[in-house]
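The following note sets out numbered points for a colleague who is reading the model alongside its sequence. Each point takes up one region or residue.

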Amino acid sequence: MHSTPVYGQDLTLQDAISMAQQRGPSARSAARSRDAARYRDRAYNARLLPQLSLTGDAPTYSRAIIPVLQPDGSTRFAAQQQRQSSLGLQLGQRIPITGGDLFIQSGVTNINILGQQDTRLWRTNPVQVGIRQPIFRLNTLAWDNREQDLRFDASEQQYLEARENIAQQTAALFFDLFAARTALANAQANADVNDTLLTLNRGRYEVGRIGENDLLQSELQVLRARNTLDAAKLAEQRAEAALRLHLGMPANAPLALSVTNEVPNVQVDTVLAVQEALRNGAALRDADLQIVQQKRRVAEARRNTGFGATVTASVGYNQTAETFNDAYRSPLQSQQFSVGVEMPLVQWGARKAGIEAAKADEERVETDVRVLRERRAQDARFAALELDQAVRQLTTAAKADTVGAKRFEVARNRYSIGRIDISNLFIAQNEKDQALEAYVRALRGYWDAYYRVRRLTLYDFVKGERIR
């Protein structure tokens with residue numbers, strides 16, 4: 001990682017990328033998304049640890065007429081006032097292998113019957129160990145773990161892709177400003193040259209060495225050059241404002257660019273590019289998550305709509321007494337065991353239809369993912385080929401820019417001594433401008449292709465390692 005440059009120093013492309021990835025608006029947004037995903041993963045893993053909870057009911061009061069069973073078997077209705085409260089502590093642990101729950105709990109309940117003779121009862125449960133286990137049902141916890149792992153991996157890859165996307169955007173904005181400033185400098189130079197030529201041509205016209213048509217053509221070229229200069233000034237201001245916003249730079253901070261012709265000497269192997277794109281792509285991690293989710297829905301349709309049961313078993317101690325202390329003396333053993341069964345008898349084909357619908361969705365997702373992988377591989381392959389092409393185009397454009405500038409200088413000198421006409425001079429000037437524009441565009445295109453390959457593959461081909 002490059003250090004952030006001090007304001008006032010010339011800004012290189014790598015410095016601009018480092019600045020954008022550290023404090024640019026897009027970088028802050030990407031970092032917050034990554035942090036949120038990490039906190040969600042941390043919260044999920046924390047919920048897999050033993051959970052300690054305090055439960056209870058605040059004192060409740062009831063006053064009602066209730067039926068009372070008499071010794072002779074008859075029933076008598078009597079008024080009753082009652083106050084009841086309870087407090088409990090429970091430690092629970094989910095079991096990933098089976099999908100059940102293991103719990104240890106302790107509690108106390110107080111019942112106070114009000115009336116002419118108040119009666120107070122305590123019921124205690126010092127310790128109770130139990131388990132709840134679904135049978136023939138989907139292990140939701142195991143599926144949740146698989147999904148969460150894929151979801152977390154996808155979020156990490158998304159953050160890396162976001163950083164490389166920021167690098168690609170920064171390179172584009174950086175060279176937009178470089179192109180605008182180059183065009184501005186060229187427009188200013190053309191305006192100066194054309195002003196000089198107009199002065200020269202006016203003198204020649206007065207002595208009859210050129211015709212009025214050449215003079216008018218020179219004046220027209222001056223007007224065009226001035227319009228081009230005005231447009232170039234506005235374009236430069238717009239490009240600078242866009243880069244400042246992307247980098248998070250103050251409006252009054254100086255922004256000088258340092259651009260060289262040197263580019264990384266890298267040969268991208270298309271096979272390696274495809275392999276890394278399929279291995280590291282965030283979209284493919286998300287696709288794997290979608291496949292797991294669809295497989296889960298198929299399993300849910302099969303298991304949760306047929307025969308199922310839930311076994312609950314616990315063992316512990318309890319006691320009851322009229323005083324709190326006595327309720328904890330000589331506790332008696334307690335055991336509970338229950339089996340809840342659910343067995344649909346007639347579903348009118350709903351279970352089969354649900355399974356077939358889930359399987360159809362699974363096949364659809366698998367088809368979409370297969371197309372996504374093929375498209376990803378194709379994008380990575382052509383991105384590698386485009387980078388190789390960008391190197392050749394940059395080399396050719398650099399030579400053409402040198403030749404165009406030299407040709408215009410020769411044409412200008414020859415025109416000054418009267419060896420060529422003004423039309424050939426302006427043709428040379430236009431070709432020089434086009435060659436310069438093509439060179440800047442080729443330089444921008446190379447860096448765009450370079451960071452596009454990195455974004456698609458999350459692989460640094462210069463260092464020969466994955467981007468982390």
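1. Arg 285 deserves attention: this residue is buried and yet forms no salt bridge. In this predicted model, the nearest side chain of opposite charge belongs to Asp 153, 4.4 Å away. Because a salt bridge requires a nitrogen-to-oxygen distance within 4 Å, the pair with Asp 153 at 4.4 Å is not counted as one. Apart from neighbours within four places in sequence, the contacts of Arg 285 are Asp 153, Ala 154, Gln 157, Arg 279, Asn 280 and Arg 466.

2. Arg 285 belongs to helix H6, residues 282-303. This helix of 22 residues extends 31 Å from its first C-alpha to its last, close to the 32 Å expected at 1.5 Å a residue. Besides Arg 285, the buried residues of H6 include Leu 284, Leu 289, Ile 291, Val 292 and Val 298, and also the polar or charged Gln 294 and Arg 296. The packing partners of the buried H6 residues are helix H3 (140-206), helix H5 (270-280), H7 and strand E10 (465-466).

3. Helix H4 covers residues 212-247 and has 36 residues. Its end C-alpha atoms lie 52 Å apart, in agreement with the 52 Å that it should span at 1.5 Å a residue. Just after H4 comes Gly 248, with a positive phi of about 75 degrees.

4. Strands E2 (residues 51-69) and E3 (residues 75-94) run antiparallel and are joined by 17 bridges. Within this pairing, Tyr 61 has Arg 83 of E3 as its bridge partner. The hairpin has 5 residues between the strands, and there Gly 73 adopts a positive phi near 95 degrees.

5. Arg 83 appears again among the contacts of Asn 112, a residue of strand E4 (residues 101-114). Asn 112 is buried because its relative accessible area is 4%, below the 20% limit. Leaving aside neighbours within four places in sequence, Asn 112 touches Gln 81, Gln 82, Arg 83, Asp 118, Thr 119 and Arg 120.

6. Two residues merit a check of their backbone. Most residues other than glycine have a negative phi. Trp 348, although not a glycine, has a positive phi of about 55 degrees, and Leu 458, likewise a residue other than glycine, has a positive phi near 50 degrees. Trp 348 sits in the loop between E8 and helix H7 (350-416), whereas Leu 458 is in the loop between helix H8 (422-457) and strand E9 (459-460). Are these residues buried or exposed? Trp 348 is exposed, at a relative accessible area of 80%; Leu 458 is buried, at 1%.

7. Gly 340 is part of strand E8, residues 332-342. With a relative accessibility of 37%, Gly 340 is classed as partly exposed. Its contacts, not counting residues up to four places away in sequence, are Gly 308, Ala 309 and Thr 310. Thr 312 is 28 residues from Gly 340 in sequence, with 8.3 Å between their C-alpha atoms.

8. On confidence, the protein chain has an average pLDDT of 91, and 97% of the residues score at least 70. Residues 1-8, however, have a pLDDT below 50, although this stretch makes 23 contacts in the model beyond near neighbours in sequence.

Note on methods
Residues are numbered from 1 along each chain as its sequence is written. Side-chain values use heavy atoms; hydrogens and water are left out. pLDDT is the predictor's confidence in each residue, from 0 to 100. Contact means heavy atoms within 4.5 Å. Helices (H or I, at least four residues) and strands (E, at least two) are DSSP runs, numbered from the N terminus. Buried means under 20% relative accessible area, exposed over 50%, partly exposed in between (1.4 Å probe, protein chains only). Two strands pair if DSSP finds at least two bridges between them. The expected span of a helix is 1.5 Å times one less than its number of residues. Lys and Arg count as positive and Asp and Glu as negative; His and the chain ends are not counted.
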